[in-house]
Amino acid sequence: MQLSRKADYALRAVKHLSTLPKGKLGSINSIAAAESIPREFLAKILKDLTRGGILVSFQGVTGGYRLANAPKDISFLDVIEAIEGPVHINLCTEGDTCPCDQGKTCSMREFWMTQETSFKKALGKHNFARYRRTVKV
């Protein structure tokens, strides 16, 4: 199992935006340059993050992106699910019952459910507050 490049870039973009001073917008070009993300791919990612409620976009010459919420209120899980959809560690965990041919007698579903819960809990605990810069005035 590996995090997709798209989800990795999304996490990096949100991290970058979390370091900006309050009220400052990040442009596609500045995020792409700072995080070494291909600009065209980043544009699609930022659109998905905006649609997912992670970012707010502002149009125009002075437009850009900012976080929709405080960095402490945005978890890694929020960002990954905005890009990839719900996180599931195994087919068994995608619904109330396992859809495979062993669903009724599967002795492993409980294991996968426990692992998924732990994984999601870890991703949900880690937020972007640690990346926030202290701006001295």
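What percentage of the 137 residues in the chain is buried? The buried share comes to 33%. The model is a predicted one.

## Overall architecture

The chain holds five helices and two strands. Read from the N terminus, these elements follow the order α-α-α-β-β-α-α, which places the two strands after three helices and ahead of another two. The C-alpha trace extends over about 60 × 30 × 20 Å along its principal axes.

Contacts between residues at least 6 apart in sequence include a 63% share that joins residues at least 24 apart.

## Surface and charge

About 8,800 Å² of the chain is exposed, and 51% of this area is supplied by carbon and sulfur atoms. Positive side chains number 21 and negative ones 13. The centre of the positive set lies 11 Å from the centre of the negative set.

## Helix α4 and its packing

Helix α4 covers residues 76-84, and its buried residues are Phe-76, Leu-77, Val-79, Ile-80 and Ile-83. These residues lie on the same side of α4, because the arc they cover around the axis is only 165°.

Which helices do the buried residues of α4 pack against? Their partners are α1 (5-18), α3 (39-51) and α5 (109-125). Just past the end of α4 comes Gly-85, with a positive phi of about 90°.

## The β hairpin

Strand β1 takes in residues 55-58 and strand β2 residues 64-67. The two run antiparallel and are joined by four bridges. One of the pairings is that of Leu-55 with Leu-67, the latter in β2.

Five residues separate the strands of this hairpin. Within the hairpin, Gly-60 has a positive phi near 105°. As a general point, side chains in a regular strand alternate between the two faces of the sheet.

## His-16 in helix α1

Helix α1, which is among the packing partners of the buried α4 residues, contains His-16. Is His-16 buried or exposed? The relative accessible area of His-16 is 13%, and the cut-off for a buried residue is under 20%, so His-16 counts as buried.

Leaving aside residues up to four places away in sequence, His-16 is in contact with Ser-30, Ile-31, Ala-34 and Glu-35.

Technical notes: Residues are numbered from 1 along each chain as its sequence is written. This is a predicted model: local features need pLDDT of at least 70, side-chain atom pairs count only at pLDDT 80 or more; totals for chains, interfaces and linings use all residues. Side-chain values use heavy atoms; hydrogens and water are left out. Buried means under 20% relative accessible area, exposed over 50%, partly exposed in between (1.4 Å probe, protein chains only). Contact means heavy atoms within 4.5 Å. Accessible areas come from the Shrake-Rupley method with a 1.4 Å probe; for residues, only the protein chains shown count as cover. Lys and Arg count as positive and Asp and Glu as negative; His and the chain ends are not counted. The place of a charge is taken as NZ of Lys, CZ of Arg, CG of Asp or CD of Glu. The arc is that of the directions from the helix axis to the C-beta atoms. Two strands pair if DSSP finds at least two bridges between them.
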